[in-house]
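Pull up the model and keep the sequence beside it. We'll walk through some strands, then a helix, and finish with how far to trust the coordinates.

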Amino acid sequence: MKRILLFSALAVLSVLSSSCAKSITEKMKLAENIGIQCTPEVLEIKGGNIPATLTVTCPKGYFHPKATMDVTPVLVYEGGEIPFHTLQYQGEKVKDNFKVVSSAGATVTERLSFKYKPGCEKARLELRSVIHYNGKDYPVDPVKVADGCIATYQLASSDGLYSVKPDGYQAVLQRTTEGRILYEVGSDKVRKDQFETNSMVNYKNSLDYLKEDERTTIKGTQIVAYASPEGGKDYNARLSDKRAGTAQKALDTVAKDIEFTGTEIKSVGQDWEGFQEAVSKSNIEDKDLILRVLSMYSDPAVRESEIRNLSQIYSEINKTVFPELRRARLVTSTEFRNWSDDELVEMSQKGLDRFDEPSVLRLATIATTPESKETLYKYAIHEFNSDTARYNLAMLYLDQGKTSLGGAYLSKIKDPDADVLNATGVVAMRNEDWDLAAKCFEKAGNGQARENAAVMNIIKGDYSAAAQAAKGLKGDNAALAQLLAGNTDAAEAALEGDGARTEYIRAILAARRGRTAEARRHLDAACAADPALKERAAKDIEFAALAN
């Protein structure tokens, strides 16, 4: 127990009934065994409050049975005071409702809490007392019982951690264009009319256009030939191979002036996958029965036999499904060199009508003012119903401190992912809705959410929970969570880099370990990099030992 030698209220009470005219010095001697303990000895700000526990032990004969005493704990700092409510005590023979202190000796424990105010980081806790006896008041000199206040928790970045979503804009776009050739039953001959179908005309026109487009590179073509699942597996395999060959000649006809970097030829044979897909999308009345047959049998011959047994259904399949499966596909792949940032900006001067969603989002990414970003995100929301734009606009508002507005846009996202949940948790944390914030961070489950959960618990003053949330994470916030929980080794392991705040935290770690020279070195580095930290360090009680 910490002993304080003082001319205290208790000392005065012990001599009030004495008729001897003793000097003040002699009266002070009567207080030599009074013990006052404050826990912690150096006060700390936790969750916006400054808690302290006072324990006063007085021996027999110290508190006069007919006296009362008012004690007001006050946190004193440069520029202000934070008083606690007055504590009132009485002797055994006083008929009042105060806390009784026996003249036979007693230990009194009081739990105090002061609301944090800026500036009280460098303070002292003192007791101001007045004794009341026989109708007279006896003021007692203030007694200092503790220093304060550790404010290390304020180093946590309490705005919350979040990030914008990528705009999805690609520098190079992979594209394909496709033409289709249909064959007669059992034939591999490409009929002349197949070059005049919409599919092949559009395919040829696309190739002609792409050939002249400076932004497009034609890479290669894949020829894929099929046979409908009728007539036997081996027969259809050979037929599919022949169709692949005639389809290659057809490609040479429509793309005779184009040089491909490679042509891949693939023969599928019986196209059961295409058959199943076509049936499932068809209006055939008993299509569920056909699909059930496909699921029951894997052998192609058995499948075909069972389907043929459904004579009426088979007739409809033969008319509507099989003709579309007797085919070859010509699939040409291209690479399109997308517009550069400068080109996008220049094009946008003429309006946004020709832009797709990724292009508008890209313009927002490279926009230089918050106002421009806001306009572009709102355009993407209006034109494309873009949830990416809603989310990024919400992040823009969070950056600007417009928390309610950011939360409103987040709430309009129908399928929130981890990023949205984490950002919603940040909004709740800023609004001190701790329950909602905790639920969002837990559900998000990503690294940002875990770090935010740690910061939230730091703000609340639950350092054990903060350390648990930050377990395994790196960075200043994670280190602070471990430091405040007393896990100095884990705190040191979490620190990365040599930023100003990082160096400041390293200085605190060293100071707490009693490594004065190391603490000074890290503190000097932090203060040199950030004048605000230099100002903070001047009143930071963590570095009290460095001033000696």
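Strand 4 (residues 68-77) and strand 9 (residues 123-133) run antiparallel and are joined by ten bridges. To get your bearings in this predicted model, find Pro-73, which stands opposite Leu-127 in strand 9. Strand 9 has another partner too: ten bridges join it to strand 10 (residues 136-150), again in the antiparallel sense. Here a handy landmark is Ile-131, which sits opposite Tyr-138 in strand 10.

How do strand 9 and strand 10 connect? They form a hairpin, with two residues between them. One to click on in that turn is Asn-134, which has a positive phi of about 55°.

Now go back towards the start of the chain, to an open sheet of three strands. Its order is 1-3-8, and the pairing is antiparallel. Which strands are at the edges? Those are strand 1 (35-39) and strand 8 (106-115), each of which pairs on one side only. On average, neighbouring strands in this sheet are turned by 15° against each other, if you ignore direction. Looking at one of the pairings, strand 1 meets strand 3 (residues 49-58) over five antiparallel bridges, and Thr-39 stands opposite Thr-53 in strand 3. As a reminder, strands of a sheet pair through backbone hydrogen bonds, either parallel or antiparallel.

Next, jump down the chain to helix 22 (residues 516-529). It has 14 residues and reaches 20 Å from its first C-alpha to its last, close to the 20 Å expected at 1.5 Å a residue. Which of its residues are buried? They are Ala-519, His-522, Leu-523, Ala-526 and Cys-527. Seen down the axis of helix 22, the buried residues fall within an arc of 135°, so they line one face of the helix. The spacing makes sense, because an α-helix has 3.6 residues a turn and residues three or four places apart point the same way. What covers the buried residues of helix 22 includes helix 21 (500-512) and helix 23 (531-537). On the other side of helix 22, you'll find Ala-517, Arg-521, Asp-524, Ala-528 and Ala-529 exposed.

So how much should you read into all this? The mean pLDDT of the protein chain is 90, with 94% of its residues reaching 70 or more. Over residues 1-11, though, the pLDDT is below 50, and this stretch has 42 contacts in the model beyond near neighbours in sequence. Residues 14-31 also stay under 50, with 21 contacts beyond four places in sequence. Where pLDDT is low, the predicted coordinates should not be read in detail.

Terms used: Residues numbered from 1 in each chain as written. Predicted model: local features only at pLDDT ≥ 70, side-chain atom pairs only at ≥ 80, totals over all residues. Heavy atoms only, no water. Helix = DSSP H or I, 4+ residues; strand = E, 2+ residues; numbered from the N terminus. Expected span 1.5 Å × (residues − 1). Buried < 20%, exposed > 50% of the residue type's maximum accessible area, 1.4 Å probe, protein only. Arc of directions from axis to C-beta. Contact = heavy atoms within 4.5 Å. Pairing = 2+ DSSP bridges. pLDDT = per-residue confidence, 0-100. Axes fitted to C-alpha atoms, helices over the stretch in contact; angles between N-to-C directions.
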